[in-house]
Amino acid sequence: MIVGVAAGEDEDVVVERVVEDAHAAELAVQEILGPRTPAEDDPLPFIVQPDRRLLRRFAEGWDGVRGAGRSGGYYVEGGRDGERRAHAVVARGEVGVMAHELAHGRVANLGRHAAELAPGDPVPVPPWLDEGIAEQARMAVLPERRARQVFDTAHSLAAALVKVNDPRARLANLLARRSLHPTDRSGYSLSLDFVGWLGRRLGPGGLRRLALRSARAAPSARRDDRSREPSGGNGAARADWLADELRMPQRSAERAWHASLRPVRRGSRN
Ligand SMILES: [Zn+2]
């Protein structure tokens with residue numbers, strides 16, 4: 001990670017805190033995805049804006065990203081004006097958002113490495129897994145009470161959807177999603193809860209393996225690559241790699257996950 005700070009007043013204190021946050025965010029991401037290997041270690045420029053207002057102005061003016069003032073940060077990549085770009089921007093003091101966006105950069109890196117794609121190519125990891133991992137990293141860096149709140153809120157919403165048999169809580173529908181918008185609370189909550197369940201079930205290294213396998217199975221993965229998952233392109237929609245990693249069919253995984261979705265008593269809203 002390369003960190004740039006728009007410091008403003010009390011620069012020494014500001015920079016010191018940003019450095020502390022960056023270290024904490026990096027540790028949180030490593031806790032979820034393991035240490036970086038040299039091959040996966042593309043530098044990720046990280047810009048820290050003084051507050052959410054300036055973050056929003058920067059996001060709209062430079063990256064054309066809307067809604068950053070609400071989310072507290074964003075990760076952006078892809079081509080623009082014939083130039084490849086990949087960077088993250090956060091408002092100062094938002095260590096949870098920092099870990100979340102850093103995790104996106106790391107997942108993109110892992111995915112491209114696994115699928116043998118060039119820097120700046122679209123991330124081949126499915127959005128539910130990408131956002132779910134980013135949310136796990138956010139919870140890992142937050143103080144325990146706040147992390148608990150984040151989990152309870154997502155868990156309660158996911159449990160409520162399961163209770164009324166909402167189609168969005170069907171695993172096949174979640175896995176088939178092609179995008180997740182930041183304002184889509186149910187999508188984020190379901191992803192956070194399901195990926196948390198996967199992480200507990202698979203143990204250390206499990207989420208990292210899933211990110212790698214999903215990227216290899218993605219339709220965009222090189223077709224002439226023999227190390228690719230045998231299930232190939234269609235396997236991405238069916239997520240055979242997920243059933244294989246869990247050692248159970250998708251239907252059983254859905255039942256086990258849904259059974260874990262009991263409403264929590266202190267479910268809070270924010
Ligand atoms: Zn995200």
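Trainee: What follows α8, and what is the sign of its phi?
Mentor: α8 is followed by Gly203, which has a positive phi, near 75°. This is a predicted model, where local features need pLDDT of at least 70 and side-chain atom pairs count only at pLDDT 80 or more, while totals for chains, interfaces and linings use all residues. Residues are numbered from 1 along each chain as its sequence is written.

Trainee: How many helices and strands are there in the protein?
Mentor: Twelve helices and four strands. They are DSSP runs numbered from the N terminus (helices H or I, at least four residues; strands E, at least two).

Trainee: Back to α8. How far apart are its end C-alpha atoms?
Mentor: 25 Å, which agrees with the 26 Å that the 18 residues of α8 (185-202) should span at 1.5 Å a residue. The expected span is 1.5 Å times one less than the number of residues.

Trainee: Which residues of α8 are buried?
Mentor: Tyr188, Ser189, Leu190, Ser191, Leu192, Asp193, Phe194, Val195, Gly196 and Leu198. Buried means 20 or more other C-beta atoms within 10 Å of the residue's own, with C-beta atoms placed from the backbone. Across the protein, buried residues make up 40% of the 270 residues.

Trainee: What covers the buried part of α8?
Mentor: The cover includes α5, α6 (144-163), α7 (171-176), α9 (206-217) and α12 (250-260). Contact means C-beta atoms, placed from the backbone, within 7 Å.

Trainee: You mentioned α5. Which residues of α5 meet α1?
Mentor: Ile133, Gln136, Ala137, Ala140 and Val141 in α5 do. On the α1 side they meet Ala24, Ala25, Ala28, Val29, Glu31, Ile32 and Leu33.

Trainee: And what share of contacts comes from residues 24 or more positions apart?
Mentor: 69% of the protein's contacts with a separation of 6 or more.

Terms used:
Contact = placed C-beta atoms within 7 Å. Buried ≥ 20, exposed ≤ 12 C-beta atoms within 10 Å, placed from the backbone.
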